[in-house]
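Me: Please take a close look at the interior packing of this model and start with its nonpolar core. Then go through the helix contacts and the loops, with cut-offs for each term.

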Amino acid sequence: MNKKLKVLVVDDATFMTKAISDLLESDPDIEVIGVANNGLEGLEKIKELKPDVITLDIDMPIMDGLQAVRHIMIESPVPIVVLSSLFSDGSITFEALRLGVVDFVAKPSGAISSDIHTAKQHIVDRIKLASEVNFQNIRRVRVNKQKKDEGLADLYGFHPLDYIIAIGTSLTGPNTFIRLMTRISAGLPAAAVILLEISPKILAAFAEKFNEFVHWKIEVARQGTVLEQGVCYIQSNMSSLTVGLNENGDPCFQLGERVEKPLDTFFKSAAEVFRENTVGVLLTGYGDDGSDGFAVIREKSGKTIAQSADTCVYPNLTDTAIKRKRVDVVAEEAQLADAIESVIR
């Protein structure tokens with residue numbers, strides 16, 4: 001990297017701004033060009049200093065992190081990596097990702113952490129990845145709360161389960177996934193399963209919050225859970241998630257230790273159980289995971305759909321599968337729901 005990456009650090013704790021600044025500047029490719037102690041000050045410094053990426057705390061006085069994200073994305077858009085001790089609050093994480101932050105990273109051991117340096121490489125890597133996203137493709141997901149007690153028969157569990165919609169993503173995927181699930185009908189004879197880059201610690205709270213805004217019933221994919229129609233299951237790619245059959249022949253989840261390529265493992269297992277009724281979907285993300293799993297889905301006569309690279313926030317994941325000729329349908333983000341439904345209906 002010839003030109004240093006310019007970073008603004010926004011955190012109300014002086015100790016943390018110094019610790020984060022020292023951590024980032026220990027990398028030769030990063031320069032911290034300023035610090036701010038609340039969201040309002042951060043917004044002003046973004047306009048003045050024009051950083052490439054900002055790190056943002058959530059719990060701050062005057063203007064907190066979520067308020068700051070709303071203003072930043074409208075007034076001075078810039079890739080945001082949230083670095084917060086409120087990482088375990090899934091509802092805050094959901095809201096931050098919905099609003100368009102690139103990543104949400106735990107502030108190690110809380111606001112007065114003395115072990116932040118143990119997380120150094122992870123934070124540096126996330127900052128660098130954030131600087132490489134196609135930022136114009138990041139947008140706020142507009143959602144409305146759903147009244148799930150009305151028309152329950154049209155929602156979940158009252159139709160046969162014929163298909164699995166197996167979805168994979170990594171960095172920046174949650175924002176795209178949230179938008180996608182607001183567009184797909186929960187009345188399809190299918191269960192949706194998403195493997196995404198998110199901490200296992202916040203899955204339950206994230207799912208509970210997400211459940212308020214879609215017709216799908218959102219649940220965490222747990223060991224032994226039998227798949228039901230109209231339910232969207234989420235799980236972290238920090239675990240191995242596979243689909244198998246229980247003693248009654250019902251499709252169920254199996255969880256294991258983290259594997260090198262969790263999307264390949266997941267897609268292959270889904271195809272073995274649902275065969276031609278498997279719809280594999282790859283969304284935005286980095287790396288080359290998923291394309292080998294797509295090959296197995298196609299071998300079993302299932303269908304594979306990839307988000308077009310030019311509409312991805314981070315295109316590597318889908319671009320790799322497309323170039324390897326493992327994709328049946330390439331669709332822009334806004335057309336993904338129609339592409340999925342056209343296979344199932």
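Reply: The largest nonpolar core has 90 residues, and the members that touch the most others are Leu24, Ile165, Phe177, Met181 and Trp216. A nonpolar core here is a set of buried Ala, Val, Leu, Ile, Met, Phe, Trp, Tyr and Cys residues joined through side-chain atoms within 4.5 Å. Buried stands for under 20% relative accessible area, exposed for over 50%, and partly exposed for what lies in between (1.4 Å probe, protein chains only).

The model is predicted, with local features requiring pLDDT of at least 70 and side-chain atom pairs pLDDT 80 or more, while totals for chains, interfaces and linings use all residues. Numbering starts from 1 along each chain as its sequence is written, and side-chain values use heavy atoms, with hydrogens and water left out.

Leu24 shows what one of these core positions touches. Leaving out residues up to four places away in sequence, the contacts of Leu24 (contact being heavy atoms within 4.5 Å) are Val7, Val9, Ile30, Val32, Thr55, Ile123, Val124 and Ile127. A second core, separate from this one, has 26 residues, and Leu241, Phe253, Ile297 and Leu317 are among them.

Ile297 also belongs to helix α9, residues 291-299, as one of its buried residues; the others are Ser291, Gly293, Phe294, Ala295 and Val296. Helices (H or I, at least four residues) and strands (E, at least two) are DSSP runs numbered from the N terminus. The buried residues of α9 pack against two helices, α8 (262-274) and α10 (316-323), and two strands, β12 (278-282) and β13 (303-307). After α9 comes Ser301, with a positive phi near 70 degrees.

The helix pairs come next. Two packed helices are described by the angle between their axes and the distance between the axes. Axes are lines fitted to C-alpha atoms, for helices over the stretch in contact, and angles run from 0 to 180 degrees between N-to-C directions.

Helix α2 (residues 39-49) packs on helix α3 (residues 65-75) at about 20 degrees, and the axes are 9 Å apart. The two are therefore roughly parallel; that term covers angles under 35 degrees, with over 145 roughly antiparallel, 65 to 115 roughly perpendicular and the rest oblique. The crossing of α2 and α3 is right-handed, meaning that the near helix is turned clockwise from the far one by less than a right angle, whereas anticlockwise would be left-handed. On the α2 side the contact uses Gly39, Leu43, Ile46 and Lys47, and on the α3 side Ala68, His71, Ile72 and Glu75. By class, these residues are four nonpolar, two polar and two charged. The classes are nonpolar (Ala, Val, Leu, Ile, Met, Phe, Trp, Tyr, Cys and Pro), charged (Asp, Glu, Lys and Arg) and polar (the others, Gly among them).

Helix α3 also packs with α4: their axes come within 10 Å and cross at roughly 5 degrees. This pair is therefore roughly parallel too. Leu66, Val69, Arg70 and Met73 of α3 meet Ile92, Glu95, Ala96 and Leu99 of α4. The residues of this contact are six nonpolar, no polar and two charged.

Helix α4 (residues 90-99) has a further partner in helix α7 (residues 203-210), with axes coming within 7 Å and crossing at roughly 60 degrees. That angle makes α4 oblique to α7. Their crossing is right-handed. Gly90, Ser91, Phe94 and Leu97 of α4 make the contact with Ala205, Phe206, Lys209 and Phe210 of α7. The classes in the contact of α4 with α7 are five nonpolar, two polar and one charged.

Some loop residues complete the account. Asn237 sits between β9 (231-236) and β10 (240-245) and is buried, at 9% relative accessible area. Leaving aside neighbours within four places in sequence, Asn237 contacts Thr169, Ser170, Leu195, Leu196, Glu197, Arg258 and Pro262.

Pro160 is in the loop between α5 (120-131) and β6 (163-168) and is exposed, at 52%. Beyond residues up to four places away in sequence, Pro160 touches Pro189, Ala190 and Gln229.

Most residues other than glycine have a negative phi. Lys50, in the loop between α2 and β3 (53-56), has a positive phi near 50 degrees and is exposed at 56% relative accessibility. Lys325, in the loop between α10 and β14 (329-331), has a positive phi near 60 degrees and is exposed at 67%.
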